[in-house]
Amino acid sequence: MLNGRLSRRSLINLTGAAVAAGVLAEPVRAGAASTDEPVVAWLNRQAVPLPRLDAGGPVHDLRSLSTVVGTAQVVGLGESAHGTREQFTLKHRAVRFLVECLGFRTLSWEENWGSGVAIDRYVVGGEGDPRELVAATSSLWRSEEMLDLVRWMREYNLSHEDKVRFLGTDLTQLRQLLFDEIVAYVRDIAPNRIDDLERDLDPIRLTGDAQRHVGWYLQQPDKQPYIDHARAVYDLVLGLPPGPSRIGREYAVQHARTILGFYEYYAVQLLDQRDRFMADTLTWWQRRTRHRVVYWAANVHTAASPLVTYSLPPFVPPTQAVVAGSHLRQRYGRRYVSVGTMFHTGEVLTGWENGSPSVFQVPPPSGIMVDHVLGRAKHPDFVLDLHADAPLPVRRWLNQPATMRLIGSAYNSGNDSAYAMSVESWISAFDAILHLDTTTPVRLL
């Protein structure tokens, strides 16, 4: 979801922006006493119950999403926490519906570009071992649920000519594949430039595995030389004339762009920068393939509102950002649809930032959160179209500022309400909600 290793300078700058915005300092209760009852009555009329939450079986129970999605080219599929099994399996189910019933053909992911390339080659052509590929993703995704999803994509493609593709949009970790294929591309296209390439590539190659390389780079007091080398690599690859190579030109350029993005991002660690990269990668891919795309990420990344303020103790104080969903709404208009996923209570596997992950009990949401009102509906698990006809009190509720739960890679159940994101209006952020009553933790590989 979010990288908690923010520099002290970044924290000071971002905290100032959040205080200036006045969001999260005094959270607005979207379900205040005067509006709770009309809203709950509306929920009971409009929410469509979900009879099953697993990824298998017929998906006709999600047909109400057809109205929400309409002719959208990109659908953001968010989640309030990464480590919950039911949010994952329900979203897997939603992906199946979008692919099987509405013709979506790319699943883009809050995962690094290099890992995405490797998984895409498996689901399209069977290259590699799926368990090993999932085990090589970022630690948040190394679960049996992720493996099930990747295997389903492969099985689908074995019986369909119009293949489903997998796209990694993120830049938080690098993969050796990027470096190897850039070298192969330059060797094929311009072997006389290999020495120039290696001169700039060598100082920015991986130091240890992908995760250790992040730690190594964060310890470097002067990051500008690494950024300069990465930009030189990008400029070299981008400037080469077209020519025959087993590595596609667009892939070689994107490899180099990801390496540059990695070094630039960790120099400042601004979510705005990371999310713009994810939105740019998705937009490039969608225009290249003309696919309808599902964007799977945390709610904080998929929310379509102009600004999001989020808080993830102890690493991130209230911080304001323009997130990927905001960029996508600006670029696609209503052809970008944002679907959030939330839950009432249960268990989550998290704690990555504090070392080994563990299972945390998540209490019912605080009354300041819209999650609290959703949890009062008569159906425990449901789909809700936020654009459905509603009386004036409900429209007011939907259009006022809203705060909702957001669990990152560190969590303290005793301070649950501090793990949150706020938006200027509930309906500006999401077009529909998938709501779950209870969750259990994902199963690690």
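Is R443 buried, partly exposed or exposed? With a relative accessible area of 37%, R443 is partly exposed. I open with this residue as a way into the side-chain interactions of the structure, which is a predicted model.

Let me begin with the charged pairs. Across the whole structure, the search returns 27 salt bridges. R443 takes part in one of them: its side chain meets that of E145, at 2.9 Å from N to O. Because E145 belongs to helix 7 and R443 to the segment after strand 13 (432-439), this pair ties together parts that are 298 residues apart in sequence. The partner of R443 has another degree of accessibility, for E145 counts as buried at 2% relative accessibility. Nor does the pair stand by itself, since R85, E145, D148 and R443 are linked in a network of salt bridges.

Helix 7 supplies a further example. The side chain of E144 forms a salt bridge with that of R131, with 3.3 Å between N and O. E144 is in helix 7 (residues 144-158) and R131 in helix 6 (residues 130-135), 13 residues apart. E144 counts as buried, as its relative accessibility is 18%. R131, at 34%, counts as partly exposed.

A third salt bridge joins E110 to R274, whose closest N and O atoms are 3.3 Å apart. E110 lies in strand 3 (residues 106-112) and R274 in helix 13 (residues 271-289), so this contact connects parts separated by 164 residues in sequence. Here both partners, E110 and R274, are buried.

I turn now to the aromatic residues. The structure holds 22 aromatic pairs. One of them is formed by W109 and W296: the ring centres are 4.3 Å apart and the planes stand at 20 degrees, so the pair is stacked. W109 is in strand 3 and W296 in strand 5 (residues 293-296), which places them 187 residues apart. Both of these tryptophans, W109 and W296, are buried.

How are the rings of Y217 and Y263 arranged, given 80 degrees between the planes? They form an edge-to-face pair, at 4.7 Å centre to centre. Since Y217 lies in helix 10 (residues 210-218) and Y263 in helix 12 (residues 249-268), the pair ties together parts 46 residues apart in sequence. Y217 and Y263 are both buried. They also belong to a cluster, in which ring pairs link W216, Y217, Y226, F262, Y263, Y265 and Y266.

Charges and rings meet as well. The charged end of K223 sits over the ring of Y217, 5.6 Å from its centre. Likewise, the charged end of R405 sits over the ring of F343, at 5.1 Å from the ring centre.

Finally, the nonpolar side chains. In soluble globular proteins, such side chains tend to be buried together. In this model, the largest nonpolar core has 94 residues, and M421, W426 and F430 have the most contacts inside it. Helix 4 (residues 85-102) gives the most to this core, contributing eight residues. Which residues does W426 contact, leaving aside its neighbours within four places in sequence? They are M342, V370, L374, L386, W397, L398, Q400, A402, M404 and I433. There is also a second, separate core, which has 41 residues, among them A190, V233, V253 and L260.

Terms used:
Residues numbered from 1 in each chain as written. Predicted model: local features only at pLDDT ≥ 70, side-chain atom pairs only at ≥ 80, totals over all residues. Heavy atoms only, no water. Salt bridge = Lys/Arg side-chain N within 4 Å of Asp/Glu carboxyl O. Helix = DSSP H or I, 4+ residues; strand = E, 2+ residues; numbered from the N terminus. Buried < 20%, exposed > 50% of the residue type's maximum accessible area, 1.4 Å probe, protein only. Phe/Tyr/Trp six-rings, centres within 6.5 Å; stacked < 30°, edge-to-face > 60°. Lys NZ or Arg CZ within 6 Å of the ring centre and 35° of its normal. Core = buried A, V, L, I, M, F, W, Y, C linked by side-chain atoms within 4.5 Å. Contact = heavy atoms within 4.5 Å.
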